[in-house]
Amino acid sequence: MRDKLWSLYAPIYKYVVSAAKEVVAVDFSEGMIQEAKKGNTPSNVTFEAADAMKLPYADAAFDIVVISNTLHTISNPDRALKEIYRVLNQRGILIAPNFIH
């Protein structure tokens, strides 16, 4: 089990929350944050709006980053990936599924 997980697509937290001590569910859209907050929220989840290209987190702050269905929509995905790798710890894991046709 990992200690701290960060998800850039806030609603996906529902599928990974039981595997982490702490989940920071993030989305660029405040509307998606509100959607993710619907229903019961586990006590280990917090929600924040943030930009993937300018993350407000310390270096090596997360064990796992999940950025789901997003990289293909960002104007500068290389910059976003650099930021993600900055906030991942040395042994961190990036999960980046993109469901496009």
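Where is the place of threonine 70? In this predicted model, threonine 70 is found in the loop between S4 and H3. With a relative accessibility of 14%, threonine 70 counts as buried, because the cut-off for that class is under 20%. A polar atom of the threonine 70 side chain lies 2.8 Å from the backbone oxygen of serine 68, so that this pair falls within the 3.5 Å that defines a polar contact.

The two elements that border this loop, S4 and H3, also take part in the nonpolar interior. The largest nonpolar core is made up of 16 residues, and those with the most contacts inside it are Tyr57, Phe62, Val65, Ile74, Ala80, Ile84 and Val87. At least two residues of this core are supplied by each of strand S2 (20-27), strand S4 (62-66) and helix H3 (77-87). Of the contributing elements, H3 gives the most, with 3 residues. Separate from this set is a second core, which has 8 residues and includes Val17, Ala25, Ile33 and Phe47.

Alanine 36 belongs to helix H2, which spans residues 30-36. The relative accessible area of alanine 36 is 0%, and this residue is therefore classed as buried, the limit being under 20%. Between alanine 36 and phenylalanine 47 there is a separation of 11 residues in sequence, while in space the two are 8.3 Å apart from C-alpha to C-alpha. Phenylalanine 47, as given above, is among the residues of the second core.

Conventions
Residues numbered from 1 in each chain as written. Predicted model: local features only at pLDDT ≥ 70, side-chain atom pairs only at ≥ 80, totals over all residues. Heavy atoms only, no water. Helix = DSSP H or I, 4+ residues; strand = E, 2+ residues; numbered from the N terminus. Buried < 20%, exposed > 50% of the residue type's maximum accessible area, 1.4 Å probe, protein only. Core = buried A, V, L, I, M, F, W, Y, C linked by side-chain atoms within 4.5 Å. Polar contact = N/O pair within 3.5 Å; in protein donor to acceptor, adjacent residues only side chain to side chain.
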